[in-house]
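Work through the exercises below with the model in view. Each task is followed by a solution in steps.

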Amino acid sequence: MDETAAKPVSASQAEMLQLVLPSDANTLGNALGGIVMHHMDIVAAIAAQRHAGHACVTASVDGIDFVHPVKVGELLVLAASVNSVGRTSMEIGVKCRSEQPRTGELRDTASAYFTFVALGDDGRPARVPPLITETAEQRRRCAEAARRRAVRLALRGDAPAADCCAANTDPGEAS
Ligand SMILES: CC(C)(COP(=O)(O)OP(=O)(O)OC[C@H]1O[C@@H](n2cnc3c(N)ncnc32)[C@H](O)[C@@H]1OP(=O)(O)O)[C@@H](O)C(=O)NCCC(=O)NCCS
């Protein structure tokens with residue numbers, strides 16, 4: 001398999017279900033924020049590793065807003081998607097919803113942008129394949145991710161951002 005070949009967003013999208021147990025909850029019977037973050041990190045890691053074809057580590061997480069509590073006995077419904085790629089890093093968008101098991105009602109719970117870095121066998125950052133965006137929604141997420149990357153780099157005092165979208169290919173652009 002060609003490890004440098006571009007991959008579509010759909011090839012690495014990940015979904016995960018997690019039952020909230022009493023041991024995951026605070027004294028109000030709501031899932032602890034740290035538990036929700038833990039599962040968001042895992043589903044993001046799955047998407048990152050699928051895209052990179054390497055082990056990946058969490059480099060940073062943009063602010064997480066918890067918009068709705070999740071009760072013990074409810075399900076966390078987690079979804080992760082690669083928004084854009086740099087040279088060795090990837091921004092993964094994660095959405096977490098809660099599902100009421102008796103009614104099936106879904107509610108937005110939390111969302112965040114994770115940056116993962118692929119590591120080669122030597123433990124050093126390794127190149128990731130270009131990303132192919134196929135839908136208008138994916139192209140929008142990619143463009144927004146490029147703007148967030150520029151802000152992150154500026155906050156870290158790194159060199160001005162290279163155009164990370166150069167590593168994100170859009171089959172629609174040629175037509
Ligand atoms: C993430 C890590 C591999 C970066 O290593 P590094 O030697 O600083 O690597 P580089 O400076 O070559 O940067 C590599 C990539 O990571 C990105 N990066 C580094 N630090 C970052 C940060 N804090 N936030 C977002 N991206 C970051 C760089 O922008 C670069 O991206 P690019 O190749 O797409 O342009 C390293 O800091 C590390 O291992 N951190 C611990 C990760 C970990 O264990 N996470 C689990 C929780 S503790």
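**Exercise 1.** List the residues that surround the ligand and sort them by character.

Step 1. A residue is near a molecule or strand if its C-beta atom, placed from the backbone, lies within 6 Å of it. The ligand is surrounded by Val57, Thr58, Ala59, Ser60, Gly86, Arg87, Thr88, Ser89, Thr115, Val117, Pro125 and Arg152. Residues are numbered from 1 along each chain as its sequence is written. The model is predicted: local features need pLDDT of at least 70, side-chain atom pairs count only at pLDDT 80 or more, and totals for chains, interfaces and linings use all residues.

Step 2. The shell holds four nonpolar, six polar and two charged residues. Here Ala, Val, Leu, Ile, Met, Phe, Trp, Tyr, Cys and Pro count as nonpolar, Asp, Glu, Lys and Arg as charged, and the others, Gly among them, as polar.

**Exercise 2.** Find which strands supply at least two residues of the shell.

Step 1. Strands (E, at least two residues) are DSSP runs, numbered from the N terminus. Those sought are E3 (55–61) and E7 (106–119).

Step 2. E3 gives the largest share, four residues.

**Exercise 3.** Trace the pairing of E7 with E3, E4 and E6.

Step 1. Two strands pair if DSSP finds at least two bridges between them. E3 and E7 run antiparallel, joined by six bridges; serine 60 has threonine 115 in E7 as its bridge partner.

Step 2. E4 (residues 65–66) is also antiparallel to E7, with two bridges, and aspartate 65 stands opposite serine 111.

Step 3. Eleven bridges join E6 (residues 89–99) to E7 in the antiparallel sense; cysteine 96 is partnered by alanine 110.

Step 4. The hairpin of E6 and E7 has six residues between the strands, and glycine 104 takes a positive phi near 80° there.
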